Amino acid sequence: MEFTVWGIITALIVGLIVGALGRLVVPGRQNMPMWLHMLIGVGAALLGTIVARASGFAETAGIDWRELLLQVLFAAIAVALVAGVGRRRGVTHH
């Protein structure tokens with residue numbers, strides 16, 4: 001994996017999209033700042049790519065829908081966990 005300016009910008013954009021999709025999948029309201037969704041999205045996108053490559057289906061032409069589904073699934077799990085921890089502790093994120 002090569003780190004370039006465009007690669008980092010692309011990762012941040014994909015992270016925003018994956019984080020937003022993960023947030024949409026989780027029912028209820030999540031009082032979390034946008035930067036946290038981006039961070040979760042970038043982590044979920046990275047984890048989804050690693051799992052997809054390990055499973056052997058990351059190298060396809062165009063958009064790999066299975067890889068994207070994994071990324072959104074990981075983001076939804078992370079959003080649910082973080083939002084649930086915040087609710088249990090009585091923390092409101094603004």
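Helices here are DSSP runs of H or I with at least four residues, and strands are runs of E with at least two. With that settled, I opened the model, which is a predicted one, and went to residues 38-56. That span comes out at 95% helix and 0% strand, and its end C-alpha atoms sit 26 Å apart.

**Annotated spans.** I picked 38-56 from the UniProt record. The entry, an unreviewed one, lists residues 6-26, 38-56 and 68-86 under "transmembrane region". I ran the check on residues 6-26 as well: 95% helix, 0% strand, with 30 Å between the end C-alpha atoms.

**Core.** Which residues make up the largest nonpolar core? I got 11 residues: V18, V26, M32, L36, I40, A44, A45, A75, A76, V79 and A83. Helix 2 (34-55) and helix 3 (65-89) are the elements that give two or more residues to this core.

I then looked at V79, one of the core residues. Leaving out anything up to four places away in sequence, I found V79 touching G22, R23, V26, Q30, M32, H37 and I40. Among those contacts, V26, M32 and I40 are core members too.

**Surface patch.** Next I turned to the outside. A nonpolar patch of about 930 Å² is built from V5, W6, I9, I13, L16, I17, L21, L24 and M34. Which helix gives the most to the patch? My notes say helix 1, residues 5-25, with eight residues.

I spot-checked two members. I9 lies in helix 1, and I9 counts as partly exposed because its relative accessibility is 33%, which falls between the 20% and 50% cut-offs. M34 belongs to helix 2. At 55% relative accessibility, M34 counts as exposed, since the bar for that is over 50%.

I also wanted to see how M34 sits relative to L16, another patch residue. The two are 18 residues apart in sequence, and their C-alpha atoms are 8.6 Å apart in space.

**T49.** Last stop was T49 in helix 2. Is T49 buried or exposed? Its relative accessible area is 15%, so I logged T49 as buried; the cut-off is under 20%. What does T49 touch, beyond residues up to four places away in sequence? I noted E67 and Q71.

**Wrap-up.** Two items to keep from this session: the core draws two or more residues from each of helix 2 and helix 3, while helix 1 gives the most to the nonpolar patch.

Conventions:
Residues numbered from 1 in each chain as written. Predicted model: local features only at pLDDT ≥ 70, side-chain atom pairs only at ≥ 80, totals over all residues. Heavy atoms only, no water. Core = buried A, V, L, I, M, F, W, Y, C linked by side-chain atoms within 4.5 Å. Buried < 20%, exposed > 50% of the residue type's maximum accessible area, 1.4 Å probe, protein only. Contact = heavy atoms within 4.5 Å. Patch = residues over 30% accessible without salt bridge, like charges linked within 9 Å, V, L, I, M, F, W, Y side chains within 5 Å. Areas by Shrake-Rupley, 256 points an atom, 1.4 Å probe, with all protein chains shown as cover. Salt bridge = Lys/Arg side-chain N within 4 Å of Asp/Glu carboxyl O. UniProt positions renumbered as here; feature names shortened; annotations may be inferred.
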